[in-house]
Amino acid sequence: MLILQRRKGESVQIGDNVTVTIAGISSDRVRLAIDAPRETPINRTELLEAARINKEAADNSASPTTLRQLLHAPKNKE
């Protein structure tokens with residue numbers, strides 16, 4: 001994992017066609033502006049995790065134990 005410090009208005013280039021710019025900073029939040037091609041998917045991690053859990057729960061082979069583990073899995077916070 002790469003950790004960078006940026007100020008409001010500064011950017012980071014990812015590959016040839018994705019730019020992430022710091023749009024705003026408050027006490028506990030950072031606003032990001034992401035410039036990427038329309039075909040590049042951009043998703044919030046918590047939504048991807050929820051979709052993964054829903055998919056696993058919908059799987060007919062999921063046991064009650066597995067479902068309980070999925071529903072009570074600790075959230076990743078950084």
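This report covers the strands, the salt bridges and a nonpolar surface patch of a predicted model.

## Sheet layout

Three strands make up an open sheet. Their order is E1-E2-E3, and the pairing is antiparallel. Strand E1 spans 11–14 and strand E3 spans 30–35. Both stand at the edges with a single partner strand each, so one side of E1 and one side of E3 have no neighbour in the sheet. On average, neighbouring strands are turned by 25° against each other, direction ignored.

Strands of a sheet pair through backbone hydrogen bonds, in either a parallel or an antiparallel sense. Here the pairing is antiparallel.

## E1 and E2

Strand E2 covers residues 18–25. E1 and E2 pair over four bridges, in the antiparallel sense. Two pairs of opposite residues can be named. Isoleucine 14 faces valine 18 of E2 across the pairing, standing opposite that residue. Serine 11 stands opposite threonine 21, also in E2.

E1 and E2 form a hairpin with three residues between the strands. Glycine 15 in this hairpin takes a positive phi near 65°.

## E2 and E3

E2 and E3 run antiparallel as well, joined by six bridges. One contact to inspect is isoleucine 22, whose bridge partner in E3 is leucine 32. These two strands form a hairpin too, with four residues between them.

## Nonpolar patch

Five named residues make a nonpolar surface patch: Ile25, Val30, Leu32, Ile34 and Ile42. The patch measures about 470 Å² by calculation. E3 supplies the largest share, three residues.

Leu32 belongs to this patch, and leucine 32 is also the bridge partner of isoleucine 22. Isoleucine 34 lies in strand E3. Its relative accessible area is 41%, so isoleucine 34 is partly exposed.

## Salt bridges

The count comes to three salt bridges. One joins arginine 6 and glutamate 10, with the closest N and O atoms 3.7 Å apart. That pair qualifies because the cut-off for the N and O atoms is 4 Å. Arginine 6 is partly exposed at a relative accessible area of 38%. Glutamate 10 is partly exposed at 27%.

Another salt bridge links arginine 44 to glutamate 46. Their closest N and O atoms are 2.8 Å apart.

## The helix pair

Glutamate 49 forms a salt bridge with arginine 52. The closest N and O atoms of this pair are 2.5 Å apart. Both residues belong to helix H1, residues 45–58. They are three residues apart, so about one helical turn separates glutamate 49 from arginine 52.

Are these side chains buried, partly exposed or exposed? Glutamate 49 is partly exposed, with a relative accessible area of 34%. Arginine 52 also counts as partly exposed, at 36% relative accessibility.

Technical notes
Residues numbered from 1 in each chain as written. Predicted model: local features only at pLDDT ≥ 70, side-chain atom pairs only at ≥ 80, totals over all residues. Heavy atoms only, no water. Salt bridge = Lys/Arg side-chain N within 4 Å of Asp/Glu carboxyl O. Buried < 20%, exposed > 50% of the residue type's maximum accessible area, 1.4 Å probe, protein only. Pairing = 2+ DSSP bridges. Axes fitted to C-alpha atoms, helices over the stretch in contact; angles between N-to-C directions. Patch = residues over 30% accessible without salt bridge, like charges linked within 9 Å, V, L, I, M, F, W, Y side chains within 5 Å. Areas by Shrake-Rupley, 256 points an atom, 1.4 Å probe, with all protein chains shown as cover.
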